[in-house]
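Me: I'm new to reading protein models and would like a close look at a single part of this one. Could you walk me through it slowly?

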Amino acid sequence: MELFIAISIGLLTGCGVLLLLRGRTFAVMLGLTMLSYAVNLFIFISGGLTAGAGAVLGASAQYADPLPQALVLTAIVIGFAMTAFLVVLAIRSRAELGHDEVDSQRPASRGGQ
Amino acid sequence: MQHLVILPILMPTLFAVLLLLQPLSGAVRTRRWLSLFAMLVNFLVASLLLWQQTNVPAQHYLLGNWAEPFGILLVADQLSVFFVWLTTLLSLAIALHSCGGDDEKGSYFHPLLHFLLMGLNGAFLTGDLFNLFVFFEVLLISSYGLMVHGGGKKRIQAALHYVILNLVGSALFLLALALLYAMLGSLHMADMAQRITMLQPAQLLAVQAAAGLLLIVFGLKAALLPLHFWLPAAYAHANPSVAAMFAVMTKVGVYSLIRVFGLLFGASAGALSGYGETLLWWGGLITMLLATVMVLAAVDLKRLAAALVLLSAGTLLAALGSGDAQVKAAALLYAIHSSWIGAVWYLLSDQIARQRGGVGDRLVPGPKMQHAPLLGWLFALSALVVIGMPPFSGFVAKLWLIQGLSTLEHGMVLVVMLLLSSLAVLVTMSRAGSVLFWRALPHTKTAPALNTASLSAIVLLLVSGVGLVVFGQWWTQFCADAIAQLQVALGGLK
């Protein structure tokens, strides 16, 4: 299971970085989302991988580390809010600049033609 | 007072919410007065906290009263209250300056400013690494809002870069946090510092990787050389009041480096002791070199101000990389001086640009300014402070840095760089001043009258800078104690 999780995180990070390096805001946003999925998974397993163990003391013989679960919840909420802000900003930038390139040197055309 | 520690976080939150609610969000006048009043109260509380924490051991404020090292805590030691104080004074000046009209160029300027202050104060006061991340996000989301304040094409594009870069930075921060938690089993900073001494040799590499990630994150905030490229564009395109407030944002990165690296990779960290110092030293020096070139090449006042912020960030990072307690203490004094004077330059360049019509703040001969004598004096004064001429705060801070560095064997490089960059600033300032004020075209441009609120903000920051010199003995003692206390904090937790 360790190998499977490790490969998933690696794959998500790789795809995220690849998309981040694209020139259009939509791809960059997808890349950031993938990167944050990878990060969330990584935080989730930072307390160690345990199968069939509860997070509440006394509910089962073994128990999982509850702190990473609290951390990942915070990270998910914050990541979601930040992505929402980025989406709005990207739409605004598309409207203002007339194109959706992240780092374009071409002069802005009014109205998006 | 025990609960004073949490007030610098609670009060900006409360006032920000109040400013969003109906009776106060309506009229411009009411909003401005409440915002100014709130900033004044924040400043008084921060001053009280500064006074209370002078020469006493660090106070640990346990949120939810969980025993250490469980639960989240706030730490008020001399280092954190020092940064809280300098930030609240700066935001008081910014709120005052924005009342000159900047706050009405978009909506929600004052609430966002208060939320930003909450995030900044929280980041300074927290003693928990994950909580530091949370407060980073609070201050970042407010800064995103402020960054686009007023709108406009260039601003939106600069904001897009700023947001994407910082989102990547946050992802890296989380990776580092998770890795550190996996290796050390704690996120309480003082506790982590103890656990780091008990690491297995096999775990060292993972902790080093996490530390490297943290270095990238804080370096991005502090504008360390390969990660600095967002700063000039973002600061030059932001609204002047906002850019002036951002002068303290690089200091958050510097503070985090002092706090996190000073605690985790301090003298007792064994194999990891002094991690990243060489990188900071050389990175800071090259940042200074680049900023010096940018100062010389500046074509307008805003770019000059951005180069000055970058220069101060480079100086601070190199000083941290020296690894010497006296140099670090001098760097603290330099941090407070450079935050204020950096802000003054943004505010002043805006005032000058408004008087010059179409020419703006570009360094070309323009129409004669109506209020040239007053602005000229302010310009000359600010230039003297930033160059480091006696008897101003820049002189004291730089002199102390040089004194500390001259006792180190490798310190001469930074001394030379510091003097060279000051010379470059002197040359550029003389050129800019003579072009702006002496080589003016014969006709006078009818410009809007100078705004009292905006001017008094500039004067407030300059006078506070003079205060650093007048009470120099007290401040130098305070900075030295703050660094000494950071070392003691390691032994504080059982």
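Does E137(B) count as buried or exposed, and how many C-beta neighbours does it have inside 10 Å?

Reply: Sure, let's start with that residue and then work outwards. Keep in mind that this is a predicted model.

E137(B) has 23 C-beta neighbours inside 10 Å, and the cut-off for calling a residue buried is 20 or more, so it counts as buried. You'll find E137(B) in helix α6 of chain B, which covers residues 129-147.

Now, who does it touch? Leaving out residues up to four places away in sequence, E137(B) touches I78(A) and S170(B). Take S170(B) to begin with: 33 residues separate it from E137(B) along the sequence, yet their C-alpha atoms are 7.8 Å apart in space.

S170(B) falls within the range of helix α7 of chain B, residues 153-184, so let's follow that helix for a moment. α7(B) has 32 residues, and from its first C-alpha to its last it reaches 46 Å, close to the 46 Å expected at 1.5 Å a residue. Of those 32 residues, 27 are buried, so α7(B) is largely enclosed by the rest of the structure. Just after the helix comes G185(B), with a positive phi near 70°.

If you want another helix to set beside it, try α12(B), residues 249-264. Its 16 residues should span 22 Å at 1.5 Å a residue, and the end C-alpha atoms are 23 Å apart, which agrees. Here 16 of the 16 residues are buried, so α12(B) too is largely enclosed by the rest of the structure.

Back to the other partner of E137(B), which is I78(A). That contact takes us across to chain A. Altogether, 26 residues of chain A are in contact with 20 residues of chain B. On chain A, the elements giving two or more residues to this side are α2 (25-44) and α3 (67-97). The largest share, 15 residues, comes from α3(A). By class, the side of chain A that touches chain B has 20 nonpolar, four polar and two charged residues.

What does each chain look like as a whole? Chain A has three helices and zero strands, and along the sequence that reads α-α-α. A compact globule of 113 residues would have a radius of gyration near 13 Å, but chain A has 19 Å. Its C-alpha atoms fill a box of roughly 65 × 25 × 15 Å along the principal axes, and 26% of its residues count as buried.

Chain B, the home of E137(B), has 20 helices and four strands. For its 494 residues a compact globule would have a radius of gyration near 23 Å, and chain B has 22 Å, which agrees. The box around its C-alpha atoms is roughly 75 × 60 × 40 Å, and 58% of its residues count as buried. Among contacts in chain B between residues at least 6 apart in sequence, 78% join residues at least 24 apart; for chain A that figure is 47%.

Last, a word on confidence. Chain B averages a pLDDT of 90, and 99% of its residues score at least 70. Within chain B, confidence is lowest in helix α2 (residues 22-26), with a mean of 75, and highest in helix α5 (residues 109-125), at 95. The model itself scores ipTM 0.91 and pTM 0.93.

Terms used: Residues numbered from 1 in each chain as written. Chains lettered and ligands numbered in written order. Predicted model: local features only at pLDDT ≥ 70, side-chain atom pairs only at ≥ 80, totals over all residues. Contact = placed C-beta atoms within 7 Å. Nonpolar A, V, L, I, M, F, W, Y, C, P; charged D, E, K, R; others polar. Rg over C-alpha atoms; globule rule 2.2 N^0.38 Å. Buried ≥ 20, exposed ≤ 12 C-beta atoms within 10 Å, placed from the backbone. Expected span 1.5 Å × (residues − 1). pLDDT = per-residue confidence, 0-100.
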